[in-house]
Amino acid sequence: MKKDNLVTQQRVRMQAERAEDGLGPTSDIGSRLRALYGAVQDEGVPDQLLDLLEKLDSAEKAQNDKSSNRGGE
């Protein structure tokens with residue numbers, strides 16, 4: 001129990017220090033970072049990237065098929 005209490009006290013101290021340095025969850029920086037992250041999440045995946053991923057999947061499948069054919073001979 002003493003270890004749990006010590007960990008809890010350390011967390012409280014860290015949260016207090018963070019609030020003092022202006023980097024708490026309600027700070028201006030935190031709000032801006034959340035907004036930026038939300039905007040990035042809302043962006044779609046570019047078509048070029050999707051095409052590259054499809055090519056990679058095809059190349060991996062071809063490599064796996066080639067490897068499995070060698071093992072069966």
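This briefing describes the helices, surface patches and salt bridges of one protein model. The model is predicted. The protein has three helices and zero strands, and its elements run α-α-α from the N terminus on. Of its 73 residues, 4% are buried.

**Overall surface**

- The protein exposes about 7100 Å².
- Carbon and sulfur atoms supply 54% of that exposed area.
- Buried residues make up 4% of the chain, where buried means under 20% relative accessible area.

**Helix α2**

- Helix α2 covers residues 28-42.
- At 1.5 Å a residue, the 15 residues of α2 should span 21 Å.
- The end C-alpha atoms of α2 are 21 Å apart, which agrees with that expected span.
- One of the 15 residues of α2 is buried, so this helix lies largely in the open.

**Salt bridges**

- A search of the whole structure finds two salt bridges.
- One of them joins the side chains of R32 and D28, with 3.2 Å from N to O.
- R32 and D28 both lie in helix α2 and are four residues apart, about one turn of the helix.
- Both R32 and D28 are exposed.
- The side chains of K61 and D65 also meet in a salt bridge, with 3.4 Å from N to O.
- K61 and D65 are separated by about one helical turn, because they are four residues apart in helix α3.
- An α-helix has 3.6 residues a turn, so residues three or four places apart point the same way.
- K61 has a relative accessible area of 54%, so it counts as exposed, the cut-off being over 50%.
- D65 has a relative accessible area of 36%, so it counts as partly exposed, a class that lies between the 20% and 50% cut-offs.

**Nonpolar patch**

- V45, L49, L50, L52, L53 and L56 make a nonpolar surface patch of about 530 Å².
- L50, one of the residues in this patch, is placed in helix α3, which covers residues 47-72.
- L50 counts as partly exposed because its relative accessibility is 37%.

**Negative patch**

- D47, D51, E54, D57 and E60 form a negative surface patch.
- E54, one of the residues in this patch, has its place in helix α3.
- E54 counts as exposed because its relative accessible area is 51%, and the cut-off for that class is over 50%.

**Helix α3 in review**

- Helix α3 holds L50 of the nonpolar patch and E54 of the negative patch.
- Helix α3 also holds K61 and D65, whose side chains meet in a salt bridge.
- Among these residues of helix α3, E54 is exposed and K61 is exposed, while L50 is partly exposed and D65 is partly exposed.

How values were computed: Residues are numbered from 1 along each chain as its sequence is written. This is a predicted model: local features need pLDDT of at least 70, side-chain atom pairs count only at pLDDT 80 or more; totals for chains, interfaces and linings use all residues. Side-chain values use heavy atoms; hydrogens and water are left out. Patches are made of residues with over 30% relative accessible area and no salt bridge: like charges are joined within 9 Å, nonpolar side chains (Val, Leu, Ile, Met, Phe, Trp, Tyr) within 5 Å. Accessible areas come from the Shrake-Rupley method with a 1.4 Å probe; for residues, only the protein chains shown count as cover. A salt bridge is a side-chain nitrogen of Lys or Arg within 4 Å of a carboxyl oxygen of Asp or Glu. Helices (H or I, at least four residues) and strands (E, at least two) are DSSP runs, numbered from the N terminus. Buried means under 20% relative accessible area, exposed over 50%, partly exposed in between (1.4 Å probe, protein chains only). Lys and Arg count as positive and Asp and Glu as negative; His and the chain ends are not counted. The place of a charge is taken as NZ of Lys, CZ of Arg, CG of Asp or CD of Glu. The expected span of a helix is 1.5 Å times one less than its number of residues.
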